[in-house]
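Hi,

Here is the structure I promised to pass on. My notes follow below it, and I hope they help you get started.

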Amino acid sequence: MTTPDSTRARPSWRSILVWTAISIAGATAWAMIALARGEDVSAFWLVVAALGSYAIGYRFYARFIARKVLKVDDTRATPAERLEDDVDFQPTDRRVLLGHHFAAIAGAGPLVGPVLAAQMGYLPGTMWIIIGVIFAGAVQDMVVLFISMRRNGRSLGQLARDEIGPIGGVAALVGVFSIMIIILAVLALVVVNALAESPWGTFSIAMTIPIALLMGFYLRTLRPGRVIETSVIGVALLLLAIVAGGWVQASSWADLFTLSPQTLVFCLVVYGFVAAVLPVWMLLAPRDYLSTFMKIGTIGLLAVGVLIVAPTLQTEAITQFATSGTGPVFAGTLFPFVFITIACGALSGFHALIASGTTPKMIQKESQVRLIGYGAMLMESFVAVMALIAACILDPGLYYAMNAPAGVLGTTVESASMAVANLGFTITPQDLQAAADAVGEQSLVARTGGAPTLAVGMSEILSSVFGGDGLKAFWYHFAIMFEALFILTTVDAGTRVGRFMLQDTLGNVWKPLGRVSWKPGIWATSAIVVCAWGYFLYAGVNDPLGGINQLFPLFGIANQLLAAIALTVATTVLIKSGRLKWAWVTAAPLAWVAVVTLTASWQKVFSTDPRIGFFAQRDKYADALDQGEVLAPAKNVDQMQTVVTNSTVDGILAAFFALLVVIIILNAAVVCWRAVRSAEPLPSTEAPYVKSRILVPAARTSTEDRGEVADASAPDRS
């Protein structure tokens, strides 16, 4: 077979020297990170270790998977070409699609998770983020993208039903869609919290919509194929929108863009619906591509700042909370909870939804799964590394004063200072107030959730290179807006994916609903999806203990259980298609994530520690309620009853989701055993081979959408 990636040639001396140098640099960095004890460690080494490891993983491991395991075939027409409908199926330039895919998968996880996990120390998080992405996260994204692409862009739930069978398939359809709604509502809540009462952020992000529409029509109608030209225009307008946001905030227009949380909910619901039903080339793809420039640009700027300033990591390699499980940010020991807290950035089930949602319907050539599936996930992992650095360079006293709950810290800088001292760290009330003043905030006490901590860390690094202390407030608010934009792109793409999932599911009952080109089905299923996550979001905005706030504790575990489902489907397909000797590629990360998530689920359901176990927490609050006591975070008897209800619901759902995953894995194991024992291959749902007529540019720098491609003879398609 001949593909852009598969031409064999002996490596040159230059190539050998380059990869040897990268290997030595990476190994040196890992030694500095892992072996240093009792001495200062620079964040510089984390950046070097990450970049070196990513380069080796992409060059060698991803290439091996594409060529040996998946056997990508560029002579084979993808569904984007075969089923092109100018709505969902649309052959898209790989650069634009890489931007869309990265923007769609990169949500709250890589920004917030590592910040919270810094409680365990910098070493566990760094190892999981880098090693996990190379052997688990990027592998899942790439393989699921390939499998879905070979099956007409089927969604993950439908893939499970088709490949595993009706029992595991129904469990997957129910579990995947339920988890999807929870994830979308959680992500939307983070956006609402970031943009509420922020005219700068709201204006700048609102402007990305007309800019994206302009880019879509420019690339589609005015100047077809001129990707670089369109990108320059879009980025210039984006930078103008960011600067103009500051002007708007200081002008009489500020009130127009100062929106309440409730108003933002309705805006997000309307936007999510529109983004889900419009042709993908018109809004979704160009907006995500545009957002990627800001995402990568900001993270790249942060990386440059780290390399220049080389700040010292203030956090220990492994903290006392890693083994005691008594951390103030979240309870539980290093295993399994650091792997649950850091979801996106290492391994995320949500990514499998995008890889079996919008992206497989837009990819031009099979070989591009390596760049888009594996490469985009490496980019997200680097975002997680930078977030971890931003948290770990902060003084531990400030970190815990921001991330411990208000019930521990109190509401004043004096009470927070005393509480932090009880944890074994020191920060004065004056230092706490000075830190808040430096970034233009009234207080940083109990600013939980990770996002404010990341913004403070980013402002520390960026102000050290650009502008000094006088610009700390600017960089802090820029970071808050950046986080909102980062997360919003997953909401619009996720809503469209939710529509695909619902159409696939309902199509099993009534065939017309399964046709993604049938407009009444598109509108109806899109409305159902946005109303589902919109309901939980609205209730959560109005009630701090209701709506999505009730389900928020399930976010991490649900996301990783989703990864277990995706890897189960991937392993089953590899074995059924005669690739048993390569099944370890997905089976190994599946075994790991299954052990981690099921252990975490067991502890969340059955632990007797009320800080960990949902039912233990329910019993604690129920007993206090019987005695007339009110415990934080509840402020009255009614809220105490709400906490009891929430804990019960979370415990039941945690057990339910874990049970669904066990059913899926067991059902898949039976199918795999049958495939291994069968003398004939089991039936495949892979679409028949159709020769591709699309020509893609041979040169990577070409600005044309359709150019030359090597004339490849049809490979072995067994």
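**Salt bridges and cores**

At 1% relative accessibility, Asp88 counts as buried (under 20% relative accessible area; exposed is over 50%, partly exposed in between, with a 1.4 Å probe and protein chains only). This is a predicted model, where local features need pLDDT of at least 70, side-chain atom pairs count only at pLDDT 80 or more, and totals for chains, interfaces and linings use all residues. Residues are numbered from 1 along each chain as its sequence is written, and side-chain values use heavy atoms, leaving out hydrogens and water.

Asp88 forms a salt bridge with Arg496, with the closest N and O atoms 2.7 Å apart; the term means a side-chain nitrogen of Lys or Arg within 4 Å of a carboxyl oxygen of Asp or Glu. Arg496 is buried too, at 1% relative accessible area. By this rule there are 18 salt bridges.

Glu686 pairs with Arg150 at 3.3 Å between the closest N and O atoms. Arg150 is buried at 7%, whereas Glu686 is partly exposed at 26%. Both belong to a salt-bridge network with Arg76 and Glu366. Glu163 and Lys576 also form a salt bridge (3.1 Å, N to O), and both are buried.

The largest nonpolar core (buried Ala, Val, Leu, Ile, Met, Phe, Trp, Tyr and Cys residues joined through side-chain atoms within 4.5 Å) has 217 residues, and Ile389 and Trp533 have the most contacts inside it. A second, separate core of seven residues includes Leu545 and Tyr621.

Best wishes
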